[in-house]
Amino acid sequence: TLSIRAFIGISGPFDMIKYGPHFHSRGLGPAILNSVFGCNTSASDAEIDEQLAGLSPTLVLKQKILSEEAINYIPPLIFCHGKADKTVSFESSVDLYRACQQAECKVVKLKLYEGKSHTDPIIEDPMLGNVNGHDELIEDILTVVDAFEIKQDPEITTSRKLVKRRGQPRLAPKVCLRLAAFCNPF
C-alpha cells in the first residue's frame, strides 16, 4: 500500500536541465549543484545532464518513461509557487503541473501566490506572523494535510484551529525581516 498520502511541492526546481544555467548565473556553480543532487562529479557533462534529467520530474513525465502502473502510484500532487520568485520561476511549477495533467496523474492542483518570492512562503511569512489570523500558504497546506490524514489527533486538530483563529505571533521585528529578505540571494 502507498504510505505517502499527498505531495506538496513549494517553489520547486522541477526541471534541473532548464533551470541549471539560471542557478549557475546566481552563484550556484555546476560543481555545487551536481554535488547537491548526488551526480557523479567525475562523469562527462552529457552524463551529468542525463543524471539531472532523471532527477527532474517534469522531464521524466514528458519523456513518458513511466508506465501507467507507476503513474497510478503517484500520490495526489499539489504545487504552490510565488509569482515573484526570482530563484525558481513559477513556470517551473506550471510546467510540472501541465506534465502531470498530460500524464493523467490523479488530483493535481496548482496554486500561485501573487507577490511572493522564493523564500516568502517558507521563511519571511511565518516569521512575520499572521496576527490577522491569515497565512494563505499555511492554510492551504493544513487543508491538504487534513484532507489526507487517516486519523485525526484531537490535540493537533485543536492546535490547528487555534493557529487559524488567533494567528501566529511575529518572531522578529518587521524591519529586520524586510532587510534580511532584501539581502537574501534566493
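This tour proceeds from the whole chain to selected helices, an aromatic pair and the cysteines.

**The whole chain**

Begin with the complete protein chain, bearing in mind that the model is predicted. Coloured by secondary structure, the chain shows ten helices and three strands. Their order along the sequence is β-α-α-α-α-α-β-α-β-α-α-α-α. Of the 186 residues in the protein chain, 35% are buried. Now display the surface: the chain exposes about 11,400 Å², and carbon and sulfur atoms supply 58% of that area. Contacts also deserve attention at this scale. Among those between residues at least 6 apart in sequence, 72% join residues at least 24 apart.

**Helix 1**

Select residues 16-25, which form helix 1. Which residues of helix 1 are buried? They are M16, Y19, G20 and F23. These residues lie on the same side of helix 1, because they cover an arc of only 130 degrees around its axis. Rotate to the other side of helix 1 to find P21 and S25, which are exposed. To see what the buried residues of helix 1 pack against, add helix 2, helix 3 and helix 6 (91-102) to the selection.

**Helix 3**

Next, select residues 45-54, which make up helix 3. Its buried residues are I48, L52 and A53. Viewed down the axis of helix 3, they fall within an arc of 140 degrees and therefore line one face of the helix. A46, E50 and G54, on the other side of helix 3, are exposed. The cover over the buried residues of helix 3 includes helix 1, helix 2 and helix 4 (57-62).

**N34 in helix 2**

Move to helix 2, residues 30-36, and select N34 within it. Is N34 buried or exposed? Its relative accessible area is 9%, below the 20% limit, so N34 is buried. Leaving aside residues up to four places away in sequence, N34 touches C39, T41, I48 and L52. Two of these names, I48 and L52, have already appeared among the buried residues of helix 3.

**The aromatic pair and a lysine over a ring**

Now show the aromatic side chains, where the count comes to one aromatic pair. The partners are F14 and F79: their ring centres are 5.5 Å apart and their planes stand at 65 degrees, so the pair is edge-to-face. This pair links distant parts of the chain, with F14 in the loop between strand 1 (7-10) and helix 1, and F79 in strand 2 (residues 77-82), 65 residues apart. Both F14 and F79 are buried.

Then select K83 together with F90. K83 lies over the face of F90, at 5.4 Å from the ring centre.

**The cysteines**

Finally, select the cysteines. How many disulfides does a search of the whole structure find? The search finds zero. C105 is in no disulfide, and the nearest cysteine sulfur, that of C100, is 4.2 Å away; a disulfide would require the two sulfur atoms to be within 2.5 Å. With a relative accessible area of 11%, C105 is buried. End at C80, which is also buried, with a relative accessible area of 3%.

Methods. Residues numbered from 1 in each chain as written. Predicted model: local features only at pLDDT ≥ 70, side-chain atom pairs only at ≥ 80, totals over all residues. Heavy atoms only, no water. Helix = DSSP H or I, 4+ residues; strand = E, 2+ residues; numbered from the N terminus. Buried < 20%, exposed > 50% of the residue type's maximum accessible area, 1.4 Å probe, protein only. Contact = heavy atoms within 4.5 Å. Arc of directions from axis to C-beta. Phe/Tyr/Trp six-rings, centres within 6.5 Å; stacked < 30°, edge-to-face > 60°. Lys NZ or Arg CZ within 6 Å of the ring centre and 35° of its normal. Areas by Shrake-Rupley, 256 points an atom, 1.4 Å probe, with all protein chains shown as cover.
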